[in-house]
Amino acid sequence: QTCSQHNAEAPNLEQAFHRMAQTEPNLDRDVSWFLLPSYWAKMVVALISFLCFANSYDGDFVFDDSEAIINNKDLRAETPLGDLWHHDFWGSKLSSNTSHKSYRPLTVLTFRINYLFAGGFYPVGFHVINIILHCTISVLMVDVFSILLGGLQFTNKGRRLNLAPKTSLLAALLFAVHPVHTECVAGIVGRADLLCALFFLLSFLGYCKAFRENKEGHNFSIFWVLVSVILGAVAMLCKEQGITILGLNAVFDALVINKLNVLELIQKLLHKDKSLENAGLLRKGLLFRITLLMSGGASILYIRWRIMGTGPPAFTEVDNPASFADSLFVRAINYNYYYSLNAWLLLCPWWLCFDWSMGCIPLIKSISDWRIIALAALWFCLIGLICQALCSEDSHKRRILTLGLGFLIIPFLPASNLFFRVGFVIAERVIYLPSIGYCILFTYGFSLLSKQAKKKKILAVAVLGILLINVMRCALRSSQWRSEEQLFRSALSVCPLNAKVHYNVGKNLADKGNQSAAIKYYREAVRLNPKYVHAMNNLFFFLKERNELQEAEELLSLVFFFQPDFAAAWMNLGIVQNSLRRFEEAEQSYWTAIKHRKKYPDCYYNLGRLYADLNRHIDALNAWRNATVLKPEHSLAWNNMIILLDNTGNLAQAEAVGREALELIPNDHSLMFSLANVLGKSQKYKVGNQSFLSAIKANPNAFFFFGNLAVLYHRWGNLDLAKKHYEVSLKLDPTAPGTKENYNLLRRKLEQLQKKGG
């Protein structure tokens with residue numbers, strides 16, 4: 001499992017292979033910063049990273065968490081584990097045309113473990129794991145930065161030395177407290193980025209172990225190179241970016257292990273110089289190791305492509321408008337503007353937003369747009385850094401700048417739109433890994449300034465101030481991620497032109513029952529994006545509730561103009577038509593909705609209500625049965641089946657359906673109540689009594705529960721208990737229909753019995 005290279009230079013090369021030249025500059029020499037033992041440095045980083053995000057531990061499920069976790073059937077025990085390997089991150093089949101093709105089975109597996117251990121959808125456990133993962137990654141960054149900034153050197157016993165303890169601590173702290181990481185840590189869906197980063201770093205550290213001196217004196221270990229490839233594959237199974245570590249390992253090998261001078265190599269290739277081995281290309285097995293990395297990467301990508309089943313995911317223009325621009329110039333200039341904004345978020349992470357799509361960043365359509373300055377600034381800085389990384393006579397400077405740029409750019413490539421269209425404009429979560437490169441460049445810049453500065457302590461205090469500001473910003477941003485209301489409202493000042501922000505604020509208000517305010521935000525979302533069919537659909541719902549049916553129907557006609565296959569809109573149209581007693585049109589609308597969405601339990605439920613109104617009882621029961629097959633926890637469909645069977649005198653069948661429903665939804669008080677009514681009519685008073693009491697225990701404030709239980713006691717002949725429960729029902733609602741009449745009848749009966757007894 002090891003490979004050795006035999007040539008005349010072997011003894012000298014081996015010595016250089018395991019030790020950095022002592023004459024190389026040391027970044028720590030001129031830096032005024034804390035010097036701590038490795039153990040204490042890691043403890044400090046872990047503690048500070050924990051403090052940054054600790055207040056997110058008891059947050060809710062927010063934004064994408066609903067789809068990825070709460071509505072994801074892959075988390076439930078009844079879903080076979082094998083399905084995780086054929087489904088995307090959101091629980092859809094990868095072979096489906098609607099799949100996002102985000103293949104992250106290991107991340108979904110951790111969600112499933114969270115769900116099983118918690119016994120349900122309790123967000124605390126999910127948040128705690130995210131915080132622990134970020135703390136672990138931040139601690140690993142101390143080792144990673146010590147290698148990237150100080151080089152790779154081992155003792156004779158194979159123990160790695162930390163040649164940059166001060167700067168590696170600073171870089172790790174910068175990484176740990178960067179506010180742009182809040183989405184990954186405080187948002188549970190960010191688990192994908194955290195797990196990917198964890199195995200990404202383990203792959204890098206594993207690759208470094210391949211060059212540890214061993215007893216046989218071999219140059220490198222094939223075993224650790226292969227372990228690195230496997231860990232890279234694991235990282236990709238957590239999130240797609242993970243595959244980029246294989247490219248970074250190759251860059252590290254060339255620059256640090258082989259001390260390759262890229263500019264010199266290019267010049268030799270251009271001049272067809274035959275002395276490429278002396279340039280470092282073939283020394284120490286570099287070509288062999290890069291071949292291993294490339295073969296491993298190609299195999300992983302091929303398997304990933306085979307699993308994906310179909311072509312790339314289909315995104316819409318609102319997800320990534322620049323990628324739909326007809327002009328190559330417009331696409332290129334906007335992509336570069338997005339890159340500059342990502343860079344700005346690393347430099348100044350003050351304006352953070354959960355979503356940057358839907359008009360948040362208007363397209364640049366001409367060179368007269370002042371935002372072109374941002375592109376010029378980005379490329380001015382990048383070209384300057386690249387020139388220094390290639391042309392500097394200082395090999396130490398070349399190495400650090402190239403590694404910094406490599407870690408900044410290479411992990412970002414999958415999100416760059418260069419190879420395939422992505423489904424977002426800017427996503428803060430994808431900057432988690434590239435921020436490693438930013439921390440390297442920042443720390444190196446700090447060391448250069450410290451070397452020139454006369455008052456190094458003032459510079460150190462300034463950096464300490466930046467860290468403190470970032471810690472406070474992380475804490476503030478984490479608190480905003482605790483609930484959807486805070487998260488969505490925080491985006492209004494950052495992206496006021498984003499229709500999705502207004503839509504989500506409106507939806508949150510609607511969920512809280514504030515219809516008037518919700519309508520206001522939905523109207524603003526439609527104004528900002530006249531093609532926003534989801535906002536139109538939700539606005540339609542409230543207009544329908546306010547009986548503004550004409551405007552509601554006109555709104556839906558617009559929805560169908562922009563998206564004829566929008567199933568939810570067809571269902572809502574059916575609801576309006578049903579309200580207007582246009583039953584045939586309503587039935588047709590419901591079936592159109594089902595045509596566009598085969599598995600649509602809510603639509604089957606509404607179709608059943610239509611059939612019940614038309615006294616088509618068998619059709620109604622079949623529709624509700626379809627709803628419960630598609631969604632076994634559909635309480636309303638079960639309830640309507642029980643009530644319809646009860647009303648039509650099919651008490652035995654109603655009882656069977658009620659018991660079947662309660663096996664699936666054992667704590668549903670409405671089902672307990674409906675079943676109790678059926679049992680009472682069937683003269684099964686004892687069992688009916690138990691069912692009523694269970695319903696009352698689950699919902700003690702429902703007056704009609706007590707009223708109907710009183711009716712059961714009345715029929716059973718237990719008149720005192722009947723009187724007691726009538727009185728409780730009337731106390732809860734003195735105007736309860738029917739209860740007062742029944743109570744008066746009972747009182748008269750009791751008075752008659754007393755007279756006879758007297």
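Reader: What area is buried between domain 1 and domain 2, and what percentage of that area do carbon and sulfur atoms give?
Author: The model is predicted. The domain assignment splits the chain into domain 1 (35-308) and domain 2 (323-452). Carbon and sulfur atoms give 76% of the area buried between these two domains. The area itself is about 3,400 Å².

Reader: How many residues of each domain are in contact with the other?
Author: The centres of domain 1 and domain 2 are separated by 20 Å, taken over C-alpha atoms. Contact here means heavy atoms within 4.5 Å. By that cut-off, 39 residues of domain 1 touch domain 2, and the count for domain 2 is 34.

Reader: Which side chains meet in a salt bridge?
Author: The rule finds one salt bridge across the interface of domain 1 and domain 2. It asks for a side-chain nitrogen of Lys or Arg within 4 Å of a carboxyl oxygen of Asp or Glu. At 2.9 Å, N to O, the pair that meets in a salt bridge is R429 and E183.

Reader: Which helix gives the most to the side of domain 1 that touches domain 2?
Author: Seven residue pairs are in polar contact across the interface, both residues at pLDDT 80 or more. Several helices each supply at least two residues of domain 1's side, among them helix 6 (165-176), helix 8 (191-209) and helix 10 (244-257). With eight residues, the top contributor is helix 5.

Reader: How many residues of that side of domain 1 are nonpolar?
Author: Three residues on the side of domain 1 that touches domain 2 are charged. Nine are polar. The nonpolar residues number 27.

Key: Residues numbered from 1 in each chain as written. Predicted model: local features only at pLDDT ≥ 70, side-chain atom pairs only at ≥ 80, totals over all residues. Heavy atoms only, no water. Domains from an automatic or database assignment. Buried area = accessible area lost by both parts, 1.4 Å probe. Polar contact = N/O pair within 3.5 Å; in protein donor to acceptor, adjacent residues only side chain to side chain. Helix = DSSP H or I, 4+ residues; strand = E, 2+ residues; numbered from the N terminus. Nonpolar A, V, L, I, M, F, W, Y, C, P; charged D, E, K, R; others polar.
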